[in-house]
Amino acid sequence: MSGRADAGTVQQARKTVEQIKRERNLGRTPISACANDLIRYTQEYQKDDYLLTGFPTDKLNPYRPKNTFQCLAL
Amino acid sequence: MSEPDTALDSYVEEEKPSTSGVSSTSATASKMPELVTFNDGLTRNLDAVELLAREAEDLRRKLDAERLKLNDIPIQQAAERLEPLSQLSIKQRRILKGHASKVLCMDWSLDKRHIVSSSQDGKVIVWDGFTTNKEHALTMPTTWVMACAYAPSGQMIACGGLDNKCSVVPLSFEDDILQKKRSVATHTSYMSCCTFLRSDNLLLTGSGDSTCAIWDVESGSMIQNFHGHTGDVFAVDIPKNDTGNIFISGGADRHALVWDIRTGQCVQSFEGHEADINTLRFHPNGDAFATGSDDASCRLYDLRADRQVCVYEKESILFPVNGVDFSVSGRILFAGYGDYRVGVWDSLKCVRQLILYGHENRISCLRTSPDGTAICTASWDSSIRIWA
């Protein structure tokens, strides 16, 4: 606790208390519900997740190793 | 639903009419008559501060107890019914070489192929990720360009760092685009992170001066600032579905804070990390986020549960995490470590699936491409690598 106790410090301490009160007043859901939401989201978007499932053929991967192209100028 | 004001208010400010009387929930209230004296304004204030501090501590303890109750089952248990991840076929596909010193930050363009990167020696380069060509290169008048961002339109980039500013540069194929550089944000210490918010005209920055701020790009004026961190801010992020009114920030005070953009207020705060939070990223669903820290762990926090959900750590992992991002479905969490490796985690089962090797120095930044086809990592080895 700092030695300087003026109206500013009181104001600061009051703000801290109000902040915590605000945080306490939030509605909260248990982890089980949140975990299930995360799981459901994953299952819904799994098919769009190419890092997860890979590409059906390598040609669709925009970062596939490129074949070098050579031609002769005649 | 809110608690009745404690009678503390009626002691500290005599002008205020006494409120509903001593609250039964506050243990300190019953002790008040003995402690507060009216002899001297200073004594009164000192006691008020102490009483408020005690009330704050009491409330915090209650808050922690409520959060503890929510941990009914660990997420790993809920995820048991899921199939374990099959073999992931992620490999290094591109190396972008061109920086001459540590690359500190990178960002993807929404066109999913262009990348902007910034480095310690002041160079900012715009690359085409598919071809590895450099499309633009500019030299900033400052070293340690710690942050860079691509505007949603793809026509502009933002960058800054040790100059305490964030400047925007419109991209064009004219000779010297640096001429058009404009400074937008100004902080009182280094700028550590930046991102465009919803459009090319709003810029969100975080700084070593422990504040975040939103700026109007056209006028360069500050629209809102956010005070609350008690240490340097190292990272900010906005939800992928950028329609909400919140953003998150994390930093040296080991807390991650959730802010309301309209009011500038901190709406939620999360703790748990044992050292600086270096990076944080929203889960694609917008209701959770992951953080990476100097304590070598990543953590998942959920906004609706208002608490930490799980920790991604292993005894064998000792190096700081400097970049995290999710895959498109959120199932995979990528983490870039100071031991030069990328850890690929199953975010739901909380196990590490894969390690990606390649970089030759610590990883400073990691981001998934906008369509989720690749991740990009930037490193102190002056290279940028794309993995897909």
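## Two loop residues with positive phi

B:Cys350 is found in the loop that runs between strand E24 (342-346) and strand E25 (351-356) of chain B. This is a predicted model, and in it B:Cys350 takes a positive phi of about 60° although it isn't a glycine. That's worth a look, because most residues other than glycine have a negative phi. As for cover, B:Cys350 has a relative accessible area of 12%, so it counts as buried.

B:Trp144 is another non-glycine with a positive phi, here about 55°. To find it, go to the loop between strand E5 (134-139) and strand E6 (147-150) of chain B. Is B:Trp144 buried, partly exposed or exposed? With 26% relative accessibility, B:Trp144 lands in the partly exposed class.

## Chain B: lots of strands

Chain B has 28 strands and four helices. Its 388 residues are 56% buried. Take the contacts in chain B with a separation of 6 or more: 45% of them join residues 24 or more positions apart. On the outside, chain B exposes about 15,800 Å², with carbon and sulfur atoms supplying 48% of that area.

The UniProt annotation, from an unreviewed entry, marks "repeat: WD" on residues 96-128, 184-225, 226-269, 270-311 and 356-388 of chain B. Two of these spans are easy to check against the model. Residues 96-128 of chain B are 61% strand and 0% helix, and the C-alpha atoms at the two ends sit 9 Å apart. For residues 356-388 of chain B, the figures are 52% strand and 0% helix, with 11 Å between the end C-alpha atoms.

## Chain A: helices without strands

Chain A has three helices and zero strands, and reads α-α-α along the sequence. Of its 74 residues, 35% count as buried. The accessible surface of chain A is about 5,000 Å², and 54% of that belongs to carbon and sulfur atoms.

How far apart are the C-alpha atoms of A:Ala7 and A:Leu60? They are separated by 66 Å, with the two positions 53 residues apart along the chain. A:Ala7 belongs to helix H1 of chain A, and its relative accessible area of 56% puts it in the exposed class.

## Where the chains meet

On the chain B side, 77 residues are in contact with 49 residues of chain A. The size of an interface is often given as the accessible area lost when the parts come together. For chain B and chain A, the buried area is about 5,300 Å², and carbon and sulfur atoms give 62% of it.

There's a polar side to this interface too. The rule finds 16 residue pairs in polar contact across it, both residues being at pLDDT 80 or more. Which element of chain B gives the most to the side that touches chain A? That's helix H3 (residues 41-69), with 16 residues.

## Salt bridges across the interface

Over all chains, the salt-bridge count comes to 25, and six salt bridges cross the interface of chain B and chain A. One of the crossing pairs is A:Arg28 with B:Asp306, whose closest N and O atoms are 2.9 Å apart.

B:Arg67 and A:Glu23 also form a salt bridge, at 3.7 Å between the closest N and O atoms. This pair runs from helix H3 of chain B, which holds B:Arg67, to helix H1 (residues 7-24) of chain A, which holds A:Glu23. Both ends are covered: B:Arg67 is buried at 9% relative accessibility, and A:Glu23 is buried at 6%.

## Salt bridges within chain B, and a network

Inside chain B, the side chains of B:Arg262 and B:Asp260 meet in a salt bridge at 3.4 Å, N to O. The two ends sit in opposite classes: B:Arg262 is exposed, with a relative accessible area of 58%, whereas B:Asp260 is buried at 13%. Another salt bridge pairs B:Asp339 with B:Arg341 at 3.1 Å, N to O, and B:Asp339 is buried with a relative accessible area of 16%.

Some salt bridges share partners. Through these shared partners, A:Glu23, A:Arg24, A:Arg28, B:Glu66, B:Arg67 and B:Asp306 are joined into one network.

Conventions. Residues are numbered from 1 along each chain as its sequence is written. Chains are lettered from A and ligands numbered from 1 in the order in which they are written. This is a predicted model: local features need pLDDT of at least 70, side-chain atom pairs count only at pLDDT 80 or more; totals for chains, interfaces and linings use all residues. Side-chain values use heavy atoms; hydrogens and water are left out. Buried means under 20% relative accessible area, exposed over 50%, partly exposed in between (1.4 Å probe, protein chains only). Contact means heavy atoms within 4.5 Å. Accessible areas come from the Shrake-Rupley method with a 1.4 Å probe; for residues, only the protein chains shown count as cover. UniProt positions are given in the numbering used here, feature names are shortened, and annotations may be inferred rather than shown by experiment. Buried area is the accessible area (1.4 Å probe) that two parts lose on being put together, summed over both. A salt bridge is a side-chain nitrogen of Lys or Arg within 4 Å of a carboxyl oxygen of Asp or Glu. A polar contact is a pair of N or O atoms within 3.5 Å; within protein, one must be able to donate a hydrogen and the other to accept it, and residues adjacent in sequence count only if both atoms are side-chain atoms.
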